[in-house]
Amino acid sequence: MNKFDQIIAAKLNSAEYTADEGMWTTVEHQLPLEQASGSSINASLYGGIAAAALLLLGFSSLPTLNNGAQEKVEISTIDEEKTNLDTEPNFEMNTIEIAADNEHLPQENHEIELVSLEAISKLKTPISNTSNSKKIEEKEQNINEGKDKKNISESFSGEADAIMLDFKATGIQCIAKTVHFESTELSYSLKWIIDGVHVFEGNSCDFSFNEPGEHEVVMLADINNENYSVKKSIEIFERPTPVISYSVASSETCFEQSIELSSQPGTNAYSWSLESEKANGSNVSIRATEGRHQVYLTAVSPEGCVTELVQEVFVEGGLKIFIPNSFTPDNDGQNDSWFANGLEKCASFSVQVYRASDQSLVYETNNFAPWNGNIKGTSEKAVRGEKFLYRIASTDNCGFKKKISGTITSL
Amino acid sequence: MQLVEGCIKQSRKAQKEVFSKLYGRLFSICMRYADDPDEAKDILQNGFIKVFKGIGNYKGDGSFEGWIKRIVVNTAIDNYRRKKVKPVITDSELTDRVGGMTAEEEVSESIYNQVPINVVTDAVQQLSPAYRTVFNLYVMEGHNHNEIAEMLDISVGTSKSNLSKARLNLRKILQPLVDRLSQH
């Protein structure tokens, strides 16, 4: 490495960039679920779904064809024995129609509707040690059964107006999601009992439910050495269990084939991805080349519960282009001209051929017109052993664009 | 190691921490291999997905960051291969120049220290993918020409040629600015 290299390397190494949070959302969306039980799937998933709606895939533009015979461009050569004639397609302006039906999905700060089981109740005996959940449970049970409860209307006479005690819950009502319970009043010493077992202290608590169904939440307040409680129930929902079906619409005039994907029930929000392509909705169409592919599906129920699935799909057929790597322009009636077979099936295409030696343009066409070896703008003809470079830009009948380049040898 | 364990468990918190911690360094690598920032982002995004999905392959040999960097560089090379862009025809004259530099040239090199970082990055991105990839693998990643030839499926001569042309083109691209800097 010389001094120039060292300076350039030092410069490049000192470049600083700040993290792109949008990229994290996209990356996160494509990762497997967390392994730990009870863990939550980050709310930014929804950001990922929204981000997918703006997905636009593209690649750099081709040089134009109309700059005349003397146009010189930087050409890349492909060793002829290694030339892959049917190159892996690139995407250009291939937009996916996205259904914008994810906006209504619950967010982490979504306020959950709780069912009030019992308004403010005054407990007869102060609870000094709430870590003893059994004791609390017994007292709660007594209260529920009316054994240990004061006449509430009696005990609250004169007090009810003074005591403001309530709580709310925010989050997503799904198993393994965190729900945040918080008192609406901050001036009391509070304790929480969830399902009669889990005890927390403080003005708020976070809890992840592992079972679907109704769950009981009690908030206890110590007010002037008297204990009061508020009891509510919260409903927790299961993850969705979608059923995927798919079909492949085969076409010989398109490079890629259309995979029609659908998932039931339609009430969920669905986000699909196949390699770099993404689409949202219960019925989507994703294009893919021939071969076996894995389609990832994220289903989000109306309650915000998430399930991820993988579906393997097999695609076959499609438009293929065969490009000879040599021809013999000697007018012997055999292989006298060069052309890429299959291009004629494209909706549009352009072909440029350059001399390898000086990279000058020697032939170009937008029509089915095989090259006979004549050098554009001159009376010259390709000589035996001369190498040329071709660059083809084609658009199939589905609007998919593909660029191919390689070498031709005149024999 | 906690981060690694967290990533193995697919912990979003651990993954996010790795993402945030290494984004800057990894993105600068991708910028060197890409035509533009958008392509660099695509490479890095695919790299991160490969890292987090393939975390089970990390055996603890060498640093975790080094392992991630290798994956990102390999992703950039895969991206280059996908574009099917191959090196230009070898120019033997230029190949012969590789590594050769006079004392005068060495002294004048210091002017490049004054070139802003973003200008250098832009200049590298203006190189053809074939030149740029060889330049990165040789200068930035420290591979030799035999290794590069194998990695990119090209000849050693082509690797040398492309490195030489990459250097010359970089100089050409930076020349107007270097001239202005020299006058001051």
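**Close-up views of a predicted model**

**View 1. Buried residues of helix 7 in chain B.** In helix 7 (residues 117-126) of chain B, the buried residues (under 20% relative accessible area, 1.4 Å probe, protein chains only) are B:Val120, B:Thr121, B:Ala123, B:Val124 and B:Gln125. Helices are DSSP runs of H or I with at least four residues, and strands are runs of E with at least two, numbered from the N terminus. The cover over these buried residues includes helix 1 (3-13) of chain A, and from chain B helix 2, helix 3 (37-53), helix 8 (129-140) and helix 10 (156-183). This is a predicted model, in which local features need pLDDT of at least 70 and side-chain atom pairs count only at pLDDT 80 or more, while totals for chains, interfaces and linings use all residues. Residues are numbered from 1 along each chain as its sequence is written, chains are lettered from A and ligands numbered from 1 in the order in which they are written, and side-chain values use heavy atoms, without hydrogens and water.

**View 2. The largest nonpolar core.** This core (buried Ala, Val, Leu, Ile, Met, Phe, Trp, Tyr and Cys residues joined through side-chain atoms within 4.5 Å) has 65 residues. B:Leu44, B:Phe48, B:Phe52 and B:Ile68 have the most contacts inside it. Helix 2 (residues 12-33) of chain B gives the largest share, 11 residues.

**View 3. Surroundings of A:Thr307.** A:Thr307 is found in strand 16 (residues 306-315) of chain A and is buried, with a relative accessible area of 12%. A polar atom of its side chain lies 2.6 Å from the backbone oxygen of A:Pro240.

Definitions and conventions: Buried means under 20% relative accessible area, exposed over 50%, partly exposed in between (1.4 Å probe, protein chains only). Contact means heavy atoms within 4.5 Å. A polar contact is a pair of N or O atoms within 3.5 Å; within protein, one must be able to donate a hydrogen and the other to accept it, and residues adjacent in sequence count only if both atoms are side-chain atoms.
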